[in-house]
Amino acid sequence: MPVRMKDIARDLDLSVITVSKALSDRPDISAKTRARVLQRCKELNYRPNLSARALVTGRTNMMGLVIPDLAHTFFSELARGMSGVLRRAGFTLFISSSEQHPELERQVIDQMIARRVDALLIASTQFTPQTFQQVKKEGIPHILLDRRFEGFVSHFVGVDDENLGYIATRHLIEIGCRRIAHISAARLSPLAGRFEGYKRALAEHGLALGPEYVASTGHVDETGEAAGYDAARELLRLAPLPDAIFCYNDPVAIGAMQAILDAGLRIPADIALLGCGNIHFDDYLRVPLSSVDQQSTAIGIRAARLAIDLVNSDWAVRPKTILLEPKLILRDSTRRPPA
């Protein structure tokens with residue numbers, strides 16, 4: 001039989017309320033009594049019934065994080081930043097992957113709601129906000145991460161994606177590139193923002209390019225080396241060739257790098273290459289990859305702090321948008337003399 005709080009109370013000749021207060025570190029319990037209770041709990045390997053506590057307090061001290069891909073560096077760093085903040089505040093973080101599948105994401109969200117998480121943090125793979133409209137009706141605090149929906153008002157923490165696309169493209173222009181291609185993918189808000197920034201930078205510098213200089217992977221493959229390879233090969237069939245390629249993430253850029261090198265071209269002398277995400281091994285590639293840092297760890301930290309505020313607030317908090325500024329990280333793949 002599992003050890004119950006009343007067993008601890010009986011052994012120490014205390015009331016159950018006194019034991020409960022000692023375990024909750026209440027100030028009206030003496031240090032001596034608290035030490036006795038904690039020692040007896042350790043001796044009997046007592047574990048509190050969290051389900052019962054949740055029924056009383058309405059809180060589970062659990063947060064749910066849903067991400068598209070557990071293996072992708074951006075999301076693992078985001079989760080690590082988030083986990084540290086939540087752990088220090090007494091929360092446990094449950095992490096699940098949607099595997100880039102909208103229906104699986106909906107199932108995972110339903111399961112986390114059923115487990116009564118105190119808040120949901122979600123980097124969504126979906127294209128409409130329907131699921132989150134239902135979450136809002138359930139009254140569960142939720143925060144969208146990295147990806148959001150136009151016209152849907154909710155808490156959001158991410159990077160300024162249009163500015164990201166703009167500073168990436170502007171950098172390529174500043175090193176003398178004039179035929180700057182872009183590899184994107186369909187529909188998700190970060191990629192749309194990066195594409196808008198790319199177009200704005202070209203327009204500001206009077207660079208008109210045909211639509212053939214924008215290649216699409218056709219889907220969002222967050223581990224998309226193969227998709228990047230195929231998209232870059234399409235761009236290498238153009239005449240004239242692009243003299244730079246800006247990719248929507250680093251895995252796609254790694255695939256594009258291989259396609260460029262397989263074609264016998266030099267990086268950056270023939271084609272400069274720029275990714276997004278600043279993953280850890282960018283420095284160790286055959287050509288170290290320039291990238292735009294999305295501040296993944298900072299996104300996790302800021303989102304965790306916001307989630308704690310939402311859970312601890314006694315009233316509804318007006319939806320907040322927290323945008324972090326991207327940072328350009330220069331390496332050999334774009335390191336050539338300025339124009």
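The following legends describe close-up views of a predicted model.

**View 1. The largest nonpolar core of the predicted model.** This core comprises 30 residues, and those with the most contacts inside it are Ile-183, Ile-245, Cys-247, Met-257 and Leu-273. Two or more residues are contributed by each of strand 6 (180-184), helix 10 (225-235), strand 8 (244-247) and helix 11 (250-262). Helix 11 supplies the largest share, namely 8 residues.

**View 2. The surroundings of Ile-245.** When residues up to four places away in sequence are not counted, Ile-245 touches Ala-181, Ile-183, Leu-235, Ile-260, Ile-271, Ala-272, Leu-273 and Leu-274. Ile-245 and Ile-183 are both among the residues with the most contacts inside the largest core, as is Leu-273.

**View 3. A second nonpolar core.** Separate from the core of 30 residues, a second core contains 28 residues. Its members include Met-63, Ile-67, Leu-310 and Leu-324.

**View 4. Packing of helix 6 against helix 7.** Helix 6 (residues 102-114) and helix 7 (residues 130-138) pack with their axes 11 Å apart and at an angle of about 10°. Angles under 35 degrees count as roughly parallel, and the two helices are therefore described as roughly parallel to each other. On the side of helix 6, the contact is made by Glu-105, Arg-106, Ile-109 and Ile-113. On the side of helix 7, Thr-131, Phe-132, Val-135 and Glu-138 take part. By class, the residues of this contact are 4 nonpolar, 1 polar and 3 charged.

**View 5. The pair formed by Phe-74 and Phe-75.** The model has a count of 4 aromatic pairs. In the pair of Phe-74 and Phe-75, the ring centres are 5.0 Å apart and the planes stand at 80°, so the arrangement is edge-to-face. Both Phe-74 and Phe-75 are buried.

**View 6. The aromatic cluster that includes Phe-132.** Phe-132 and Phe-149 form a tilted aromatic pair, with 5.5 Å from centre to centre and 35° between the planes. Phe-132 belongs to helix 7, whereas Phe-149 lies in the loop between strand 4 (142-145) and strand 5 (155-159), so the pair ties together parts that are 17 residues apart in sequence. Phe-132 counts as buried because its relative accessibility is 0%. Phe-149 has a relative accessibility of 10% and likewise counts as buried. Ring pairs also bring in Phe-152, linking Phe-132, Phe-149 and Phe-152 into a cluster. Phe-132 is, in addition, one of the residues through which helix 7 contacts helix 6.

**View 7. Val-317 in its loop.** Val-317 is placed in the loop between helix 12 (296-312) and strand 11 (321-324). With a relative accessible area of 27%, Val-317 is partly exposed. Leaving aside neighbours within four places in sequence, Val-317 is in contact with His-155 and Leu-310. Of these partners, Leu-310 is included in the second core. The C-alpha atoms of Val-317 and Pro-141 are separated by 9.3 Å, although the two residues are 176 residues apart along the chain.

**View 8. Pro-251 in helix 11.** Pro-251 lies in helix 11, the element that gives the largest share of the largest core. Its relative accessible area is 7%, so Pro-251 is buried. Between Pro-251 and Val-135 the C-alpha separation is 32 Å, and these residues are 116 residues apart along the chain. Val-135 is one of the helix 7 residues in the contact with helix 6.

Technical notes
Residues are numbered from 1 along each chain as its sequence is written. This is a predicted model: local features need pLDDT of at least 70, side-chain atom pairs count only at pLDDT 80 or more; totals for chains, interfaces and linings use all residues. Side-chain values use heavy atoms; hydrogens and water are left out. A nonpolar core is a set of buried Ala, Val, Leu, Ile, Met, Phe, Trp, Tyr and Cys residues joined through side-chain atoms within 4.5 Å. Buried means under 20% relative accessible area, exposed over 50%, partly exposed in between (1.4 Å probe, protein chains only). Helices (H or I, at least four residues) and strands (E, at least two) are DSSP runs, numbered from the N terminus. Contact means heavy atoms within 4.5 Å. Axes are lines fitted to C-alpha atoms, for helices over the stretch in contact, and angles run from 0 to 180 degrees between N-to-C directions. Angles under 35 degrees count as roughly parallel, over 145 as roughly antiparallel, 65 to 115 as roughly perpendicular and the rest as oblique. Ala, Val, Leu, Ile, Met, Phe, Trp, Tyr, Cys and Pro count as nonpolar, Asp, Glu, Lys and Arg as charged, and the others, Gly among them, as polar. Rings of Phe, Tyr and Trp (its six-membered ring) pair if their centres lie within 6.5 Å; planes under 30 degrees apart count as stacked, over 60 as edge-to-face and the rest as tilted.
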